[in-house]
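Morning, everyone. Please have the sequence and the model open while I talk.

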Amino acid sequence: MSNQAGQDISDLIQQIRDHQFKYYVLDAPTLSDAAFDELLTRLKDLEAENPELRQTDSPTLGIGGGFSTTFAQHDHIEKMMSLDNVFDLDELEAWFDRVEKEIEHPTYLCELKVDGLAINLTYKDGQLIRGLTRGNGVTGEDVTLNVKTIKNLPHEFTGTKIPSLIEIRGEVFFPLAAFNELNDGLEELGKTLFANPRNAAAGSLRQKDPRVTATRPLSLIVHGVGAREGIEFRSQSQAYAVLKKFGLPTSNRFSVCATRTEVEKYIEYYGLHRHDVEHEIDGVVIKVDLMAEQSKLGFTSRAPKWAIAFKYPPEEVTTRLLDIKVSIGRTGRVTPFAFMEPVKVAGSTVTNATLHNASEIARKGVLIGDVVIIRKAGDVIPEVLAPVIERRTGGEVAFVMPTHCPECGSELRAMSEGDVDIRCPNAQSCPAQLRERLYYIGSRAALDIDVLGYEAASALLDARIITDESDLFDVTKEKLATSDFFTKKDGKLGLNVEKLLAALEKAKSAPLWRILVALSIRHVGPTAAQALATHCGSIDKIASSTAAELAEIDGVGSTIAESIIEWFAVDWHQEIIRKWAAAGVRVKAETIAQFQQTLSGLTFVVTGGLESYTRDSIAETITAHGGKAASAVSKKTDYLLVGVEPGSKLAKAQELGVPVIDEKRFKELLAGS
């Protein structure tokens, strides 16, 4: 038995070290976090059963991680520890029991476990002198220049009673919204995508050129301290308050809990609201709050005994990839997707997951028949991250991209030189592209027509009620009566008919920028559309502008400008504009003169829910009155408008000294007060 156990332990150690290297050094994991945790747990169990076989350099005794030779290495002044994990409330109760055996009635601090890259920052006399990755816990990579590009990280402390030396521990992360936007842009340009926000953060921070790091919207949250001289803290929570006064970005989501029940409620709350947070989390960290009690409990060789990480159920799981098929998008792009054995992830059962493009399939090395790691966070479409190579049987086969459109038979091709995506060129009449464009017109991103879902879009086309989107606003009751989808069994029109016609009528008066988004011009999303509508004022003006003129508009640029020129050069696109205008669709911006320009020259950022405005309508109101609606707080922001349950933008505004106003004060500004 001991021979077999020894072999199993050696095999597990080799596997774990290999995956640690891929995760921490290459930023290219091939195993889900949950699967890695399973390997580590199996090794711990085997070592517990056979303590004489535990190796002195076992991963269960170390911090994990590692470092590459790309950057210079420096030792941390005080060792950076890892955290032990628990995966359910029973395991958490056992940890509570161990703590409370030593400490009577401890107070706990709960905080979110940010899924990012651990960093150690050294400040000397209030000046940032060094930034190191965790590395192996003793030695880390020197990424000082790159760290200094992070916008919410102060290079110098503010306030008084500055310590002569202090190590600040934190987590560098990539905000989810920015991550999705970055990957969308990379995908559109045919470039390699980041597997997840954690990899995006690690890859961005470990760039050889700090100028590249500076272009990435990295952020930081502080969660601890290491070595320190000239300062002491009574508790973890008091330390956070002091660090915040120094200007450091601490979390506003931590909670001090007096009982186990309060801790469990905190865990339950963020288990339900984990996708309401601006960054990824994979659990909650529970710490004993008082520093004296932390010292009494002490450390193991790899982790503090006074802290534990409660890990949420995985949002990365494995399943069998049965086939790879392709879908045709609204701009004709061919997107491969995985057809898999059904698997439950993030609370729902999925069978399909995106593979982005042929280059991504090749880069990830995915084969049909592989066991693959898939990921799903919130409402994001599931994505195949990587194959589990160790589970291959030899029967897997490579995917070959089709040469012709599966919907209309057109020969697929790259639409421009250097474009890694292939597209169906039959934009006008390819059934797949038509369905997707109609569905997009009804989406919240465009005209927000609830009744115009995927099935309704398909029904309109299948019954030949419309031939393309140019006919959409000419739909009548009589035309809808020819489709079974819009009629009842007795032949009478269904309730969805009146709703659809009313929604279409309402959509005609949508703001110009929404009309532009609804046209599915490549690269033109809400931001560019609002810039075009504000600057040009009408579709005619946009159509008659040169690429150079459009590129000069703030928020447009040369790539979008070229797409606009190409779109308007197509005859049937011009026909869409003509028919929509004839049907009464707004093709001009609202006359600015009817609105007093009370917000002229002012830049606003909005956070939290507002009583009188939706997210879109507040932006439209600000723009119509001469102001600018920005998405991120900066020194150029004039006001942060705060509603119910504000996010991290509030802390950023307070840090930068940006005036914070409520909805009442905004309305006063709007009225000219």
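I'll go through some strands, the cysteines, a few single residues and some helices.

One thing up front: this is a predicted model.

Start with strand 3, residues 108–114. How many of its residues are buried? The count is 7 of the 7. So strand 3 is largely enclosed by the rest of the structure.

Now its partners. Strand 3 runs antiparallel to strand 9, residues 255–257, and 3 bridges join them. One pair to look at is Tyr108 with Cys257 in strand 9. Strand 3 also pairs with strand 10, residues 281–288. That pairing is antiparallel too, over 7 bridges. There, Lys113 sits opposite Gly283 of strand 10.

A word on strands in general. Side chains in a regular strand alternate between the two faces of the sheet.

Stay with Cys257, and let's do the cysteines. How many disulfides does the structure hold? The number is 0. Remember that a disulfide is a covalent bond between two cysteine sulfurs. Cys257 is in no disulfide, and its nearest cysteine sulfur belongs to Cys110, 3.9 Å away. The cut-off for a disulfide here is 2.5 Å between the sulfur atoms. Cys257 is also buried, at 2% relative accessible area.

Cys405 is another case. For Cys405 the nearest cysteine sulfur is that of Cys408, at 3.7 Å, and Cys405 is in no disulfide. Cys405 is buried as well, with a relative accessible area of 5%.

Next, Arg253. Where does Arg253 lie? Look in the loop between helix 8, residues 236–245, and strand 9. Is Arg253 buried or exposed? Its relative accessibility is 15%, so Arg253 counts as buried; the cut-off is under 20%. Its side chain makes a polar contact of 3.1 Å with the side chain of Glu278. Setting aside neighbours within four places in sequence, Arg253 touches Cys110, Leu112, Tyr266, Tyr270, Asp276, Val277 and Glu278. Cys110 is the residue I named a moment ago, with its sulfur 3.9 Å from that of Cys257.

Quickly, strand 8, residues 219–229. Here 8 of the 11 residues are buried, so strand 8 is mostly covered. Strand 7, residues 165–173, pairs with strand 8 in the antiparallel sense, over 8 bridges. Within that pairing, Ile168 has Val225 as its bridge partner.

On to the helices. Leu516 is in helix 16, residues 512–518. Leu516 counts as buried, at 2% relative accessibility. What does Leu516 touch, not counting residues up to four places away in sequence? The list is Ile521, Ala529, Leu532, Ala533, Ile539 and Ile542. For a sense of distance, take Leu610, 94 residues from Leu516 along the chain. Their C-alpha atoms are separated by 26 Å.

Helix 17, residues 526–536, has several buried residues: Ala528, Ala529, Ala531, Leu532, Ala533 and Cys536. Which helices do the buried residues of helix 17 pack against? They pack against helix 16, helix 18 (539–544), helix 19 (547–551) and helix 20 (557–568). After helix 17 comes Gly537, with a positive phi near 85°.

Last stop, further along the chain. Here 4 strands form an open sheet, and the pairing is parallel. The order is 18-17-19-20. Which strands stand at the edges? Strand 18, residues 628–630, and strand 20, residues 660–661. Each has a single partner strand, so one side of each has no neighbour in the sheet.

Strand 19, residues 639–642, pairs with strand 20 in the parallel sense over 2 bridges. Leu641 has Ile661 of strand 20 as its bridge partner. Helix 23, residues 649–656, lies across strand 17 (603–607), strand 19 and strand 20. Helix 23 runs at about 150° to strand 19.

Then helix 24, residues 663–670. Its buried residues include Glu663, Phe666, Leu669 and Leu670. Those four cover an arc of only 115° around the axis, which puts them on the same side of helix 24. At the start of helix 24, a side-chain oxygen of Asp662 comes to within 3.3 Å of the backbone nitrogen of Lys664. Just after helix 24, Gly672 has a positive phi of about 95°.

That's the tour. Thanks.

Note on methods: Residues numbered from 1 in each chain as written. Predicted model: local features only at pLDDT ≥ 70, side-chain atom pairs only at ≥ 80, totals over all residues. Heavy atoms only, no water. Buried < 20%, exposed > 50% of the residue type's maximum accessible area, 1.4 Å probe, protein only. Arc of directions from axis to C-beta. Polar contact = N/O pair within 3.5 Å; in protein donor to acceptor, adjacent residues only side chain to side chain. Pairing = 2+ DSSP bridges. Contact = heavy atoms within 4.5 Å. Axes fitted to C-alpha atoms, helices over the stretch in contact; angles between N-to-C directions.
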